[in-house]
Amino acid sequence: MPDHTQLRRATAWMRTTAVADVGTVLSAAAPDDTSGHSPSEPDIADDGCGPGSTALEPGSLYRRISGKDDRAQPVSEEELAALGDPMAVGFFRVGVFPTTVQELLSGLPATAAASRKVYLVSEAGQIPPDAIGERDMRFVITTAVGGSQVDLLVSTQAGGDPEEGFLQVAAWDPGRRVFNFYARFGSSWVWAGNSWHALEPDSRGKGCFDSHVNGSVVMKELRIPWNNWQSERATIRLAEDDPLRQDPLFQQTIGAERLELTVRSLITRWTAARLAAVTANGVVDHPDRLLRHLFTSTTVNLTSTDRQSSNVTADSPELTLPTGFWLNQDVLFDDLRLSTQSAPPRAPAARYLAGLTRFGFRLEERFSAFSQPGDTFFAFVVPEAAHEDNEVVRQMVRTGLISAKFAACVLMVDFPNPVFSPARSLLMQYVPTTPTKAAELCDKVAQAILDATRTRNLPADSPEGRFAAHWQVPDDAWRTVFGQRVDAYLHKVTQQIQTASGFDDYVRLAESRRRQFRLMKLNEFELTLPVTNIPPGAPPLAMREDATVADTSKENAMATLDAYGPPGNLDDLDDFGRKAWNSFISDTVDEAIQGPDPQQVLNDSPRPQFYNLTSTDTAADSQHASITWTAFPRIIKITSVGDLQRWQRADASRDVQDEYCEWSVTRDGSGKITQVTFTCEGPEYWEILAQTNPDKVFELYQRFISPDVRKEDLFSPSGRYQPRNKWNNSTSHGAMHLIQPNNTLGAEIELAAAATIRRVINGQELTTEQELIGCSKYGAAERNSDPHIGAGVNALARQKADISLADPVGLYFDDLSTDGWETPDGSDPKSYWTYVRGDSEHRVRAVYEVPPDKGFSVGDITIGGKPIDFGAQIADFITIRLIGVACRFGGSTAQPQTACKEFPAVDMREEGFNAAAFSASGRFLDPRPTLTHRSSRVT
């Protein structure tokens, strides 16, 4: 049997992780038995933030940021100089590498000892010592080294050999205003990254950031009675002869009520630094990274009653269940100041005791074979809204980034579910993912939701409909109106909880939320939560505003989509055209699901994890994911000898612009660039528009390309649209839509579907971009787009999710970065970038042009000191994206393919073979959709 140090871990961040960004929790696999435990997984110090395959030199500092670094590498002198926290300054810069907590503490300045506080925690701390054996106590130590405020936190094993036990540090860097995270391995240390790395897509949820999800310090049980901690409410039980009693650190232990205050203040400190940094220039670069704290549960805290479960008897006073189970009281009441007269609901003690028996409550640890009937030490432990999330919301309101009313309108969409709310998470799709002016952010999101409610005719009880109704409440009345709803809800809860069926429903709801917590990496120990006889596969539950509990797998499932919308939600198509477009997209998705004929292509069909939004519902746990890549063609970049050559080549022909972005350059008489037009509109849309409304095509060409366009320039004598017409076939006479053969929506759909196939080759699952594209052959490995799209989709497939492309299916501009750009007059170079087609979240056409009254042109702007002489220079800074949707995480039963995609030997001279019909992924695709073969559902 493995030893306890490998099976119990003081923090989650030592182990292997591959976590997607969390909102509603993304599950990996369903629990594998009826105990309620999540499946065991390897827990090896050489993964996560550990050194990987690197052999560490004694007395050295290494860097390994999970998701960015494959293995540990020595920290350079420049990197070390940039680390300004107490560990770096007081130890690593002077060549000191403590191997024990005692060495670390003794190496701190004498002034630090005066502020030192020691805390003790153990999930087995209230279990009799002789009942479970080793209980893995941990010390948490805080101290102020550089001033009066805590700036160093140490977590370490309590008892045992200090050189063998773990030793981890979170240290505040006052210059960079971040936490740095370190772990000791042997006599060396590894820097695992800082607070900002927790927010970056590559490293988010990995290594130390599977517990420090938002880059701050963590205390799961942050509220009285601080379950599992030694505190004023409970003393951890030790045997009289336990050697730990003689440990000087144990003798300094104080109650966790003090640590709560410290942790809250440190979260506030990092949140303030973060918001100040991301809003410094009046623009929020990644609004989604802030607003996800309002719309989703990025993490949670655990709360409970203040009553010891073993002391509850049938005639005990009623139990006040934690308010955080019913709603987010910290934000709604304390921060947003809703008017309320309610008291916390109380449950009869007899109901609680009956529930313990009926649902088989017990504490259980599988590897040690420990089992004890009953609840956790303090009764009714449940997840509640995380203080980390609440603090971001609080400071966004306080700084004016969002209004109090906006925050309230979002939370009230599903306020009876303070954590893991599918309804609130659904609204994240309306949050910008690109730089947005801080002053416009709140109204922009609200307007996007209102527009969707109106244009999509969404029902009043949809998340969008609920928000829209809230937004209409007068500014001077919303606190009262919302408070009355909360009062009515809590009154109904108080009535329901008195009944046997009502209380049992709340027990089931609590266990449903605990199951979701168990799927998070923050769930480090089996003894953190009780186990019940409720099946692990029971449907997810949610509270309704009438205080009843509902099965969310049925109630919150999204209806199937009525019809696929046009790219960018464009309004060019008439009713017949919209039906034709829906038919084309739906048929193409169905063909992609089926995959190629197994007689012609091996190991590439079917694709059961890909689904059609119009025929299969999108479940309540749905998550949208943007996959982005650089617009400049990588194949040109890697086959050119320098920047000048690659820019020239990329500007020479649209046929080499193969990253789903093409452009055309306009110059003045001297050859200086005055305008560059970019497009990412797929050709299929224009084929259908031309067949259903040719006059609209003519009108759009005249509006966006030139008033000199003539209809006969666009259509053949027989009336067929010519995509590569004189106004759309070069890099100098206009770019209306994509024409490069690989730049089609059909190719995008096929690539996404093919990437949902998991590949296990020789017993090893493929995960990297190049492994996957090399085996699945769904595109060109040398492009920016194809490997990245495939890997992003496959990462969702490995979470056993169902996957599709979000409506409206299309390719969209993500952003233009202007770092290193300079204008002659010092104006913002990004201000000359304009989106001219598509809605605010789905832009399909952009123009870079300086207004004539500025006195200079695009060619006068420099990038890295070089004037813009080519449109390709701008393409270097453009990112394109597609948007996927995934749901039913953990539910797919599709088995991986155990071989790579193969093409049997065929006679390529066979009649009917058409090389041009192959897409980039090697499938037959018709790039020219016609109503004759796409009309099966056009009525």
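Buried means under 20% relative accessible area, exposed means over 50%, and partly exposed lies in between (1.4 Å probe, protein chains only). This is a predicted model: local features need pLDDT of at least 70, side-chain atom pairs count only at pLDDT 80 or more, and totals for chains, interfaces and linings use all residues. Residues are numbered from 1 along each chain as its sequence is written, and side-chain values use heavy atoms, with hydrogens and water left out.

**Exercise 1. The whole chain**

Task: State what share of the 939 residues is buried, and how many helices and strands the chain has.

Solution.
- Start with burial. Buried residues are 58% of the 939 residues in the chain.
- Next, the elements. The chain has 30 helices and 31 strands. Helices (H or I, at least four residues) and strands (E, at least two) are DSSP runs, numbered from the N terminus.
- Then the contacts (heavy atoms within 4.5 Å). Of those with a separation of 6 or more, 72% join residues 24 or more positions apart.

**Exercise 2. Where to read with care**

Task: Find the stretches where pLDDT stays under 50.

Solution.
- pLDDT is the predictor's confidence in each residue, from 0 to 100. Its mean over the chain is 89, and 90% of residues reach 70 or more.
- One stretch is residues 1-47, with pLDDT under 50 and 149 contacts beyond four places in sequence.
- Another is residues 907-939, also under 50, with 67 such contacts.
- Where pLDDT is low, the predicted coordinates should not be read in detail.

**Exercise 3. An open sheet**

Task: Give the strand order of the eight-stranded open sheet, then name its edge strands.

Solution.
- The order is 2-1-8-7-6-5-4-3, and the pairing is mixed. Two strands pair if DSSP finds at least two bridges between them.
- The edges are strand 2 (73-74) and strand 3 (117-121), each of which pairs on one side only.
- Strand 1 (residues 61-63) pairs with strand 2 in the antiparallel sense, over two bridges. Here Tyr 62 stands opposite Pro 74.

**Exercise 4. Two nonpolar cores**

Task: Which residues touch the most other members of the largest nonpolar core?

Solution.
- A nonpolar core is a set of buried Ala, Val, Leu, Ile, Met, Phe, Trp, Tyr and Cys residues joined through side-chain atoms within 4.5 Å.
- The largest has 96 residues, and Phe 678 and Ile 874 touch the most other members. Helix 27 (residues 745-755) gives the most to this core, with eight residues.
- A second, separate core has 77 residues, including Met 428 and Tyr 489.
- Now look around Phe 678. Beyond four places in sequence, its contacts include Trp 663, Phe 813, Trp 833 and Ile 874.

**Exercise 5. Two serines in loops**

Task: Are Ser 605 and Ser 462 buried or exposed?

Solution.
- Ser 605 lies in the loop between helix 21 (575-594) and strand 19 (623-630). Its relative accessibility is 16%, so Ser 605 counts as buried.
- Beyond four places in sequence, Ser 605 touches residues including Gln 594, Ile 757 and Gln 897. Its side chain reaches the backbone oxygen of Pro 596 at 3.0 Å.
- Ser 605 and Ala 754 are 149 residues apart along the chain, yet their C-alpha atoms are separated by 8.2 Å.
- Ser 462 sits in the loop between helix 16 (438-455) and helix 17 (463-471). Ser 462 is buried too, at 9%. A polar atom of its side chain lies 2.7 Å from the backbone oxygen of Pro 459.

**Exercise 6. An enclosed helix**

Task: Why is helix 14 (residues 404-411) described as largely enclosed?

Solution.
- Eight of its eight residues are buried, so helix 14 is largely enclosed by the rest of the structure. Among them are Lys 405, Phe 406 and Cys 409.

Technical notes: A polar contact is a pair of N or O atoms within 3.5 Å; within protein, one must be able to donate a hydrogen and the other to accept it, and residues adjacent in sequence count only if both atoms are side-chain atoms.
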